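Biologist: Please give me a close account of one part of this model, the sheet and what packs on it. I should like to follow how its strands are ordered and paired.

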Amino acid sequence: MPLTMSTALRTALPPAGACLRQRRAGLVRASPTEAAASGEKGGRRRRRRRRARKVQEVGLEPLYDDGFGAVTGKDYLDALRAMPLDGPPRWFCPVECGPPAVEGPPLLLFLPGVDGVGMELIMQHKSLGRVFEVRCLHIPVNDRTTYEGLLHVVEESVKYEHNLSPNRPIYITGDSFGGCLALSLAARNPEIDLVLILVNPATSFAKTPLQAMLPLLEMVPSNLPVITLPHLLRYFIGDPLKMAIVSIQTNTSPQDTLQRFSENLSSILPLLSEFGRVVQMDTLLWKLKLLKSGAEYANSHLHAVQAEVLLLASGNDNLPPSGEADRLFKTLKTCKVRYFRTSSDRLLMEESFNLLTVIKGSSMYRQGKQRDAVTDFLPPTLSEFRRTYGVDFKLLHHLLSPVMLSTLRNGKIVRGLAGVPDKGPVLLVGYHQLLAMEITSMAEEFLREKKAVLRTLAHPVFFVGNFEILRQEISFFDVVPMYGGVQVSPINTYRLFERDEFVLLYPGGIREALHRKDEDYQLFWPDQPEFVRMAAQFGVTVIPFGCVGEDDMLEIVLDYNDLKNIPFIRETIESFNQDCPGVRSTVKGEEGNQVLHLPAVLPKVPGRLYYLFGKSIEMKGMGGVQRDRESANQLYLDIKSEVENIMSYLKRKREQDPYRSITARTLYQATWGATAQIPTFEP
């Protein structure tokens, strides 16, 4: 089959700008001023609706199927084969994206690499299409539009969309050469609300071997097919070996893996050969000169970029200490970086890379001018859940082997979460274990059994930008916002209750999570009943809970009292906490001593974590608590006492668990299977 496409498909790809005008034909005649006014009114209406909507009405259920992982490298090459070779640059809307499932989704424009295909995002189309309006730029192979011309094409479309919806952010995802275009666009339009996602931007072109090869390539006959220089072909469409392995599942046997790899490679190579024969040397030379122009333009205008930037870096040329990503991070005004050290420079084509997950984890998804951690939150997808708990936290879950117990209305204690309501608003109030080791298992169980996201009221350090240098690798800092974490504050708590969410609150905060030696299971709650009145106002169901097991997992070697006596470490802790927003800075005593530090700990032979969710306290109809300070304080003390009683109960009952030891649990699973639920004590 020749590398051409049908007339019907050509019609589906009109020149850039035409697609945008056709999509909103009814609005084309509006002037920019009218469009802006209309967009602002619409934006205000959308924000009002979002604030009033319940969590069940957001359009996306927790653990929804985002379709990630269903596309392979061969699909990319098939799409490449169908794209037109001639004509001007053009936008297209990928069919796989479908209609967005959220109201008022932001626009996402994809700018391709030097190949110009525009399909490098194909493995992300389905997942991104649920929460974005996705459009991709295609630059035909034989197109000879200059860099300034391409920049004008993108700029025209962005300005048009901005005039239609001035309050809606526009995401520009640029891969390699597309990253240069994105930076140049942002530098020329600082007044437009842009969010740049740069995937290995080609701003370091001058340092690459390609720069040195340009004079040599100019001496090669212009009609020579690129297939005669196969090592250059990978700059267009990637490494065939890596594309062949993209769709192979990681849990398959070695024999199946080898067979699948062989089948994929045998289907990919003919397409690569065909593409290599069609693309001639003059095309390659033009693309490289285009890349050089883009890198020079972008680098000379970096100082003018005002947009938010998320920089995704992989491949040896981009990683520290001398990588390009480090230079851009230091140069750009508002920049976050995520490194992928084991990935190639074709990051978007790797099976384990989910762009939406990275956007969510870095708290970069928003629908308005400012990110709203409550209404802009997107629930975890099924693929994210499988990745997090089936791969990343699998060993931790095995070591902790959590036992979840809950209390029914009649007071009976049962295994599982049957005693927890199925719908919110629910407030879970309890003890924060050492290093917050209990949170991941709780989040997993609520998602698995209740299909509910725990909106954890977390310390500001997980969200402020001062410490972006700490989170440049994908880490727990990204997992917290991805699985519902929100900065602790009265207004956020109020709005979460308003939306009927499941809220997780630790009144003891980091004073409990980073407690000192011999302070296991001590509560450091403030004297004020901070949450009781608000819970009564919304008729929230309050569930006190306790968790024990930290003393079976870790032993504190150096606590804060020890660390502050070591000069260098003391100064580091003081400097870190001075720059970080405080929590309860006005509270006196140990409850207000919320100092961020990292105690030195040693692991023990793992025991087991035990959770018990107490009997529900229905706050609906407790108007007196809301008005009477004394009643509110008494209820607060009762909840605190219940948490202490629960922990005493668990510490006593765990002595009766025959599977408290990891050795006994391992033997049980060896007998009954790795997925068998391990028994515990009788409640």
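Modeller: The description below takes up the sheet and then the helices that pack on it. This is a predicted model, in which local features need pLDDT of at least 70 and side-chain atom pairs count only at pLDDT 80 or more, whereas totals for chains, interfaces and linings use all residues. Residues are numbered from 1 along each chain as its sequence is written, and side-chain values use heavy atoms, with hydrogens and water left out.

The sheet is open and consists of seven strands, arranged β1-β3-β2-β4-β5-β6-β7 with mixed pairing. Strands are DSSP runs of E of at least two residues and helices runs of H or I of at least four, numbered from the N terminus; two strands pair if DSSP finds at least two bridges between them. At the edges lie β1 (90-92) and β7 (335-340), each of which pairs on one side only. From one strand to the next, the twist averages 20°, where axes are lines fitted to C-alpha atoms (for helices, over the stretch in contact) and angles run from 0 to 180 degrees between N-to-C directions.

Within the sheet, β2 (residues 107-111) and β4 (residues 170-175) run parallel and are joined by five bridges. Leu109 has Ile172 of β4 as its bridge partner.

Two helices pack on this sheet. Helix α6 (residues 147-164) touches β1, β2, β3 (133-138), β4 and β5 (194-199), contact meaning heavy atoms within 4.5 Å. The direction of α6 makes about 160° with that of β4. Helix α7 (residues 177-188) touches β2, β4 and β5, and its direction makes about 155° with that of β5.
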